[in-house]
Amino acid sequence: EWQDDVSSLPTSTFLRVKYAQEASIRASFGFPILDMQNRVVAVMIFFMKNASHKDESFIKFITAVSGGLNLFLRYKMLEEKVSLLQSAVGSSNEGIIITDTLGEILFANGAWEKLAGYTQEEIIGRSPNQLWGGSMPKDFYNKLWHTIKTEKKPFIGELENTRKDGTKYWQAIYITPILDECEEVRFYLAIEPDI
């Protein structure tokens with residue numbers, strides 16, 4: 001919103017008229033700062049010493065600046081959510097793995113490390129079949145991939161895995177595809193309680 005001269009506004013419209021007059025503040029321009037849901041979380045206001053009609057070039061410049069501020073704010077809020085999610089997932093008693101669409105591991109929590117005996121450093125970028133899987137019949141894996149990749153639905157099952165020390169163990173598995181806004185698979189989330 002642009003105001004040509006805030007010092008001439010009624011107090012009911014601009015509560016700080018008295019201070020604007022004392023500081024010789026005239027023109028003003030304000031714009032919203034939005035969160036990830038496009039809700040206004042702050043308003044940034046610029047004041048000028050001279051009364052002025054709407055300056056389109058100034059508005060374009062400030063609009064560009066506000067776009068950058070909005071992106072920065074969204075990034076910071078997303079960063080906080082990711083940190084919260086990592087904390088929650090990391091402290092879960094259930095083994096949790098996140099993979100890309102090819103099944104390469106991007107993340108594993110501490111409970112999973114205890115269950116399988118591998119560290120995150122040993123598994124990031126590798127697929128479960130390269131390390132501890134592959135013990136089930138081919139039909140099992142075909143059904144699993146058809147369910148999560150083609151149907152884009154959660155898969156629930158039990159499978160035999162092998163710990164790093166060679167010990168065999170049965171594993172319940174819940175794998176769900178994580179879809180983007182276009183309903184395309186971006187990641188897979190696997191929850192693996194110890195049975």
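How many bridges pair β1 and β2, and in which sense, parallel or antiparallel? In this predicted model, the two strands pair over two bridges in the antiparallel sense. At this junction, Q3 has S28 of β2 as its bridge partner. The pairing belongs to an open sheet of three strands, arranged in the order β1-β2-β3 with antiparallel pairing. Its edge strands are β1 (2-3) and β3 (40-47), each of which pairs on one side only.

On the β3 side, strand β2 (residues 28-34) is joined in the antiparallel sense over seven bridges. Two pairs of residues help to locate this contact in the structure. I33 has A42 of β3 as its bridge partner, and L34 stands opposite V40 in β3. Strand β2 is also mostly covered, with six of its seven residues buried.

A second open sheet has five strands, again with antiparallel pairing, and follows the order β5-β4-β8-β7-β6. The edges are taken by β5 and β6; each has a single partner strand, so one side of each is left without a neighbour in the sheet. On average, and with direction ignored, neighbouring strands of this sheet are turned by 30° against each other. Within the sheet, β7 and β8 run antiparallel and are joined by six bridges. Here P177 stands opposite Y188 in β8. Helix α6 packs on the sheet, where it touches β6, β7 and β8, and the direction of α6 makes about 140° with that of β6.

Attention now turns to the pockets. The largest pocket has a volume of about 440 Å³. It is lined by 13 residues, and those closest to its centre are V82, L85, I98, I178 and F187. Four elements each supply at least two residues of this lining, namely α2 (56-90), β5 (105-108), β7 (168-179) and β8 (185-192). Of the elements, α2 gives the most, with four residues. By class, the lining of the largest pocket comprises 10 nonpolar residues, one polar residue and two charged residues.

The second largest pocket has a volume of about 370 Å³. Its lining is made up of 22 residues, of which P128, N129, L144, W145 and I175 are the closest to the centre. At least two lining residues come from each of β4 (95-99), α5 (128-131), α6 (138-150), β6 (155-162), β7 and β8. The most is given by α6, with five residues; this is also the helix that packs on the five-stranded sheet, touching β6, β7 and β8. The lining of the second largest pocket divides into 14 nonpolar, seven polar and one charged residue. Strands β7 and β8 thus appear in the linings of both the largest pocket and the second largest pocket.

Finally, a residue in a loop deserves a look. T119 is placed in the loop between α3 (110-116) and α4 (120-123). Is this residue buried, partly exposed or exposed? T119 has a relative accessibility of 32% and therefore counts as partly exposed, since that class lies between the cut-offs of under 20% for buried and over 50% for exposed. Along the sequence, T119 and N109 are 10 residues apart, while their C-alpha atoms are 9.4 Å apart in space.

Note on methods:
Residues are numbered from 1 along each chain as its sequence is written. This is a predicted model: local features need pLDDT of at least 70, side-chain atom pairs count only at pLDDT 80 or more; totals for chains, interfaces and linings use all residues. Side-chain values use heavy atoms; hydrogens and water are left out. On a 1 Å grid over the protein atoms alone, a cavity is a set of points where a 1.4 Å probe fits but cannot get out, and a pocket is an open set with protein on both sides within 12 Å along at least five of seven lines; lining residues have an atom within 4 Å of a point. Grid points are joined across faces, edges and corners, and a volume is the space filled by probe spheres set on the points. Ala, Val, Leu, Ile, Met, Phe, Trp, Tyr, Cys and Pro count as nonpolar, Asp, Glu, Lys and Arg as charged, and the others, Gly among them, as polar. Two strands pair if DSSP finds at least two bridges between them. Axes are lines fitted to C-alpha atoms, for helices over the stretch in contact, and angles run from 0 to 180 degrees between N-to-C directions. Contact means heavy atoms within 4.5 Å. Buried means under 20% relative accessible area, exposed over 50%, partly exposed in between (1.4 Å probe, protein chains only).
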